[in-house]
Amino acid sequence: MPIRVAVVGTGAISRGQHLPSLAALGDRVEVVAVCDVNADAARAAAAEFGIPAWYSDLDALLAAESPQFVTLATPPVAHRDAAIAALRAGAWVLSEKPPTLSLADYDAIAEHEGEDGPFASYVFQHRFGSAAVRLRELIADGSLGRPLVARCDTLWYRDPAYFAVPWRGKWATEGGGPTMGHGIHQVDMLLSLLGEWTDVSAVMSTLARETDTEDVSMASVRFASGAMCSITNSLLSPRETSAVRIDFERATVEVEHLYGYDNAHWRWTPAPGVPAEEAASWAPRENVASDSHAPQFAQVIAAMERGERPVASGDDGRRIMELAAGMYKSALEGRSVGREELVPGDPFYGSMAGSDPADATARIHAGTIRSARPEAARV
C-alpha cells in the first residue's frame, strides 16, 4: 500500500518542491490531503494537483485522513506545533527550514518521537547532491587527509519589499535573520562534511534593512577535528552567490552556485604530489543536483519503509540549530561561545535573541556588537 501523505502549507515552496517531489515518488506515496490556514489556497492547490481533500485546520485533517507522513511548508513559527500534532497522530514529519525557532522548540518536537518512529526530519537538500555525497565518502575514508581551513558564504540580496511579508525579519516568527533563514542550507552542508563543532565567535549587525533581526552575520568556527572555518551570511549582496571551500591536506574542494548545484559547480584541486589518476577517482559517479527536494523526499520515504531514523533529524538535524544559537549568543554577548554552553537554562536555548529580544534588536541596530577573541582555554 502507498504511504498516505498530507502536505501542510500550499505556498510557493509547497507547489514548487513538496508536491512535485511527492509526485516523483510515484505509487510509493499517495497525497490524500493538503492544508492551509487560507482555505482558498488549500482548495486551489488540491484542484491543481488532483488531491482529493483539503482542510484549513490541521487537527481536522489528522483526525479525518490518518496520514502516515506529513510535510510542512509553512512559515517557521508554525513548525513546532504542526510537527508535534503530526507526531502525536502517528505520522512521520519532514519540515522546511529552519527546523524551529529555538533549541527548546526543537527538543520539544523530539520528545514526541518514538523509539522506532515516527520521527521528525528537516529539509536540507544541499547535502543530498551527488558531489556532497561523494565528498563525505572521501572524508570518511581519509582519501583527502585532514580538513584544515574552510569558508562558507551565503551572499544573497533581499530588497526592502521582501520584508513586507509580516512574519519575516522578526524574532517571534522567523527566529532570526540570514543566520537562521538563508545561510542555514550552506552551513548544514558544511556541518554534514566537517562534523562536530566546538566553539564560535561571531559578529552581527543590521546595516540596511528594516528588520528586528540582523541582515548580515560573520563567524569563525572551530571543529572537533581542529579545522577552522569562516562563515558569512548576508542579505545585502547584489551579486548573489553561495559558496563552500574546504582545504584538506591533499586537496582543495569548493562549490559555488546560488540556490542549487550540480557537479559542474564543483572544483577539485589536488595538492602537489597527488597522482593525477588518484585525483581523477575523486569525481562523483552520478550527477544528482541539489536544487530539488526530490532526493531527500525519497530518502525519508526509504527510511520509513525500513523503519529507520532518516538523516537530517535527531542529533544530526539539531547540530545546525546549536551553531545558529551559538552565533547569536556570541554576537550578543561579545565573546567566544562553546557548544557545551547551549543547554536548558541558557537564554539562547529558549530564543535566538536570548532573554530580551527588544534589547537584542537595539544592540544589533546600534552596531555595538563586538566579538572577543576565543578564550585561551580553547586555543
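The following exchange concerns a predicted model and the reasons behind the terms applied to it.

Colleague: What makes the contact of Trp-156 and Tyr-259 an edge-to-face aromatic pair?

Modeller: The ring centres lie 4.8 Å apart, and the limit for a pair is 6.5 Å. The planes stand at 80° to one another, while edge-to-face requires over 60 degrees. Both conditions are met, so the pair is edge-to-face. By this rule the count comes to seven aromatic pairs.

Colleague: Why is this pair said to tie together parts that are apart in sequence?

Modeller: Trp-156 belongs to strand 7 (residues 147-157), whereas Tyr-259 lies in the loop between strand 12 (251-257) and strand 13 (266-270), so the two parts are 103 residues apart in sequence.

Colleague: Why is Trp-156 called buried, and why is Tyr-259 called partly exposed?

Modeller: Buried means under 20% relative accessible area, and exposed means over 50%. Trp-156 has 8%, and is therefore buried. Tyr-259 has 40%, which falls in between, so Tyr-259 is partly exposed.

Colleague: What makes Tyr-261 and Trp-266 a pair of the edge-to-face class?

Modeller: Their centres are 5.3 Å apart and their planes are at 80°; the limits are within 6.5 Å and over 60 degrees. Tyr-261 and Trp-266 are both buried. Together with Trp-268, they form one aromatic cluster.

Colleague: How do you know that the charged end of Arg-158 sits over the ring of Tyr-162?

Modeller: The distance from the charged end to the ring centre is 5.3 Å, and the rule asks for a value within 6 Å, together with a position within 35 degrees of the ring normal. The charged end of Arg-209 sits over the ring of Tyr-157, likewise at 5.3 Å from the ring centre.

Colleague: How do you know that Cys-152 is in no disulfide?

Modeller: A search of the whole structure finds zero disulfides. For Cys-152, the nearest cysteine sulfur is that of Cys-229, at 5.8 Å. A disulfide requires sulfur atoms within 2.5 Å, so Cys-152 and Cys-229 do not qualify. Cys-152 is buried, with a relative accessible area of 0%, and Cys-35 is buried at 4%.

Colleague: Which peptide bonds are described as cis, and what is omega in each?

Modeller: One is the bond joining Lys-97 and Pro-98, with omega about -20°. Pro-98 is placed in the loop between strand 5 (92-95) and helix 5 (103-110). Another runs from Gly-117 to Pro-118, with omega near 5°. Pro-118 is in the loop between helix 5 and strand 6 (120-122).

Colleague: What makes phi of Ser-66 and of Ala-312 worth reporting?

Modeller: Phi is positive in each, and neither residue is glycine: the value is near 50° for Ser-66 and near 60° for Ala-312. Ser-66 occupies the loop between helix 3 (58-65) and strand 4 (69-72); Ala-312 occupies the loop between helix 11 (294-306) and helix 12 (314-333). At 47% relative accessibility, Ser-66 is partly exposed, whereas Ala-312, at 0%, is buried.

Colleague: What lines the largest pocket?

Modeller: The lining has 36 residues, and those nearest the centre are Ile-13, Ala-73, Thr-74, Glu-96 and Trp-167. The space in this pocket is about 1200 Å³. By class, the lining has 17 nonpolar, eleven polar and eight charged residues. Helix 1 gives the most, with three residues.

Technical notes
Residues numbered from 1 in each chain as written. Predicted model: local features only at pLDDT ≥ 70, side-chain atom pairs only at ≥ 80, totals over all residues. Heavy atoms only, no water. 1 Å grid on protein atoms, 1.4 Å probe; cavity = no way out; pocket = protein on both sides within 12 Å on 5 of 7 lines; lining within 4 Å. Points joined across faces, edges and corners; volume = space filled by probe spheres on them. Helix = DSSP H or I, 4+ residues; strand = E, 2+ residues; numbered from the N terminus. Nonpolar A, V, L, I, M, F, W, Y, C, P; charged D, E, K, R; others polar. Phe/Tyr/Trp six-rings, centres within 6.5 Å; stacked < 30°, edge-to-face > 60°. Buried < 20%, exposed > 50% of the residue type's maximum accessible area, 1.4 Å probe, protein only.
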